[in-house]
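Welcome! Let us walk through this structure together, one step at a time.

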Amino acid sequence: MQNKSKDPLHGITLQNILEILVDFYGFDTLAELIPIKCFSSNPSIKSSLTFLRKTDWARKKVEDLYIKTLPKLSN
């Protein structure tokens with residue numbers, strides 16, 4: 001029997017998280033929920049990933065939003 005991690009971020013990449021959130025909310029709503037320039041000014045997955053990988057506080061906000069969104073994704 002395998003031990004499954006209880007961490008919802010286990011085994012998922014930042015790129016996957018961002019793609020799921022963009023598919024679910026779109027960049028406009030993401031920019032309202034997490035007001036950072038990479039979501040509001042010329043947004044793209046690539047430019048957002050570059051910023052989020054260098055900026056721990058912003059990455060944490062994205063990861064927290066993903067965790068809060070998980071129950072909505074399974075509906």
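**A guided walk along the chain**

Of the 75 residues in this chain, 31% count as buried. Please keep in mind that what you see is a predicted model.

Let us begin with the overall plan. The chain holds four helices and zero strands. Starting at the N terminus, you will meet its elements in the order α-α-α-α. If you draw a box along the principal axes, the C-alpha atoms of the chain fill roughly 45 × 30 × 20 Å.

How do distant parts of the sequence come together? Take the contacts in the chain with a separation of 6 or more: 54% of them are between residues 24 or more positions apart.

Now turn to the outside. The chain exposes about 5400 Å², and 50% of that area is supplied by carbon and sulfur atoms. As for charges, the chain has 11 positive and 8 negative ones, and the mean positions of the two groups lie 4 Å apart.

Finally, look at one pair of helices in detail. Helix α3 covers residues 45-54 and helix α4 covers residues 56-73. At what angle do α3 and α4 pack? The angle is about 115 degrees, and their axes are 5 Å apart. Because angles from 65 to 115 degrees count as roughly perpendicular, α3 is roughly perpendicular to α4.

You can also find the residues where these two helices meet. On the α3 side they are F51, L52 and K54; on the α4 side, their partners are D56, W57, A58, R59 and V62.

Note on methods:
Residues are numbered from 1 along each chain as its sequence is written. This is a predicted model: local features need pLDDT of at least 70, side-chain atom pairs count only at pLDDT 80 or more; totals for chains, interfaces and linings use all residues. Side-chain values use heavy atoms; hydrogens and water are left out. Buried means under 20% relative accessible area, exposed over 50%, partly exposed in between (1.4 Å probe, protein chains only). Contact means heavy atoms within 4.5 Å. Accessible areas come from the Shrake-Rupley method with a 1.4 Å probe; for residues, only the protein chains shown count as cover. Lys and Arg count as positive and Asp and Glu as negative; His and the chain ends are not counted. The place of a charge is taken as NZ of Lys, CZ of Arg, CG of Asp or CD of Glu. Axes are lines fitted to C-alpha atoms, for helices over the stretch in contact, and angles run from 0 to 180 degrees between N-to-C directions. Angles under 35 degrees count as roughly parallel, over 145 as roughly antiparallel, 65 to 115 as roughly perpendicular and the rest as oblique.
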